[in-house]
Amino acid sequence: MFPALSSTLQDRSVVVFGGTLGIGLAAARQAKAAGAAVIVVGRDAAGAERVAAENGFAGWRAADVTRPDAVAAALADIPRVDHLALLAGTFVAGKIREAEVDHLKRAFDERIWAAVHALRALGDRLAGDGSVTLISGALADRPSAQGTAVLAAASAAMEAFARGLALELAPVRVNALSPGTTDTPLLARTLGAHRDAYVAGLTERLPQRRLGTAEEAGAAVVFLMGNGFMNGETLHIDGGGRLI
């Protein structure tokens, strides 16, 4: 019998940025269940502390991922990180001729530059046999006309970034997760009163007639951490959404 991939997380140090909600929280819970010592990083200190206490995580930190000093401070006292998951990011929407440029820049600041800040802050404390998991999204493949061009570009950039980092940081493994529309608090905040109508229309077209769950996407993050030969790849978990 081959051991479960998740067993490779036993007693490993896992840090999850964006680990207090949605996919990040689901990944953190599953990594803990697999035996990892999990530290979650959220934007709000009180919320991160509460989530860590409720779930029995090894610790919590608070940081605005767009600020390199805040990211460095959040990671400063962690002696070793075996698996780093960078799953934070908001839904940055706005048409390029109308939206404030500083607002649009957040799509890259929360993703590409946040990853740069974290990796520079960790340096050699990121284990050589460990992994980094980035997050992109379905917009990388299927941008919409609703003011998401910059966010689509940032999502696609994360996938290219993962491939480049897999070479630059070797033997550290680097992969990206690309979830389709997932039923998380971010979806509700983004769509507001339009959520139910959007979901109803989308589920009629999706092959599985439903959205993905945070737990399903979180399991994919744990897979990327645990599979020692998965490297430089983008794992799509979208229920066949790219086919429609």
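In this predicted model, Asp-11 lies in the segment that precedes strand S1 (13-17). The backbone at Asp-11 has a positive phi of about 65°, although the residue is not a glycine. Most residues other than glycine have a negative phi. Asp-11 has a relative accessible area of 64% and is therefore classed as exposed, the cut-off for that class being over 50%.

A positive phi also occurs at Arg-209, with a value of about 60°, and this residue is likewise not a glycine. Arg-209 is located in the loop that links helix H7 (195-205) to strand S8 (212-213). Its relative accessible area is 52%, so Arg-209 counts as exposed.

A further backbone feature is the peptide bond from Ala-170 to Pro-171, which is cis, with omega near 15°. Most peptide bonds are trans. Pro-171 belongs to the loop between helix H5 (149-168) and strand S6 (173-179).

Helix H7, which comes before the loop of Arg-209, has buried residues at Arg-195, Val-199, Leu-202 and Thr-203. These four residues are on the same side of H7 because they cover an arc of only 100° around the axis. The exposed residues Ala-197 and Glu-204 are carried on the face of H7 that is turned away from the buried side.

Helices H3 (residues 68-75) and H4 were examined as a pair. Their axes come within 9 Å of each other and cross at roughly 45°. At this angle H3 is oblique to H4, because the value falls neither under 35 degrees, where helices count as roughly parallel, nor in the range of 65 to 115 that counts as roughly perpendicular. The crossing of H3 and H4 is right-handed. On the H3 side, the contact is made by Pro-68, Val-71, Ala-72 and Leu-75, and on the H4 side by His-117, Ala-118, Ala-121 and Leu-122. Sorted by class, the contact of H3 with H4 comprises 7 nonpolar residues, 1 polar residue and no charged residues. His-117 is the polar one, because Ala, Val, Leu and Pro count as nonpolar.

His-117 itself is found in helix H4 (residues 101-122). With a relative accessible area of 17%, His-117 is buried, since the cut-off for that class is under 20%. Leaving aside residues up to four places away in sequence, His-117 touches Val-65, Thr-66, Arg-67, Pro-68 and Val-71. Among these, Pro-68 and Val-71 are also residues through which H3 makes its contact with H4.

Definitions and conventions
Residues numbered from 1 in each chain as written. Predicted model: local features only at pLDDT ≥ 70, side-chain atom pairs only at ≥ 80, totals over all residues. Heavy atoms only, no water. Helix = DSSP H or I, 4+ residues; strand = E, 2+ residues; numbered from the N terminus. Buried < 20%, exposed > 50% of the residue type's maximum accessible area, 1.4 Å probe, protein only. Arc of directions from axis to C-beta. Contact = heavy atoms within 4.5 Å. Axes fitted to C-alpha atoms, helices over the stretch in contact; angles between N-to-C directions. Parallel < 35°, antiparallel > 145°, perpendicular 65-115°, else oblique. Left-handed = near helix turned anticlockwise from the far one by under 90°.
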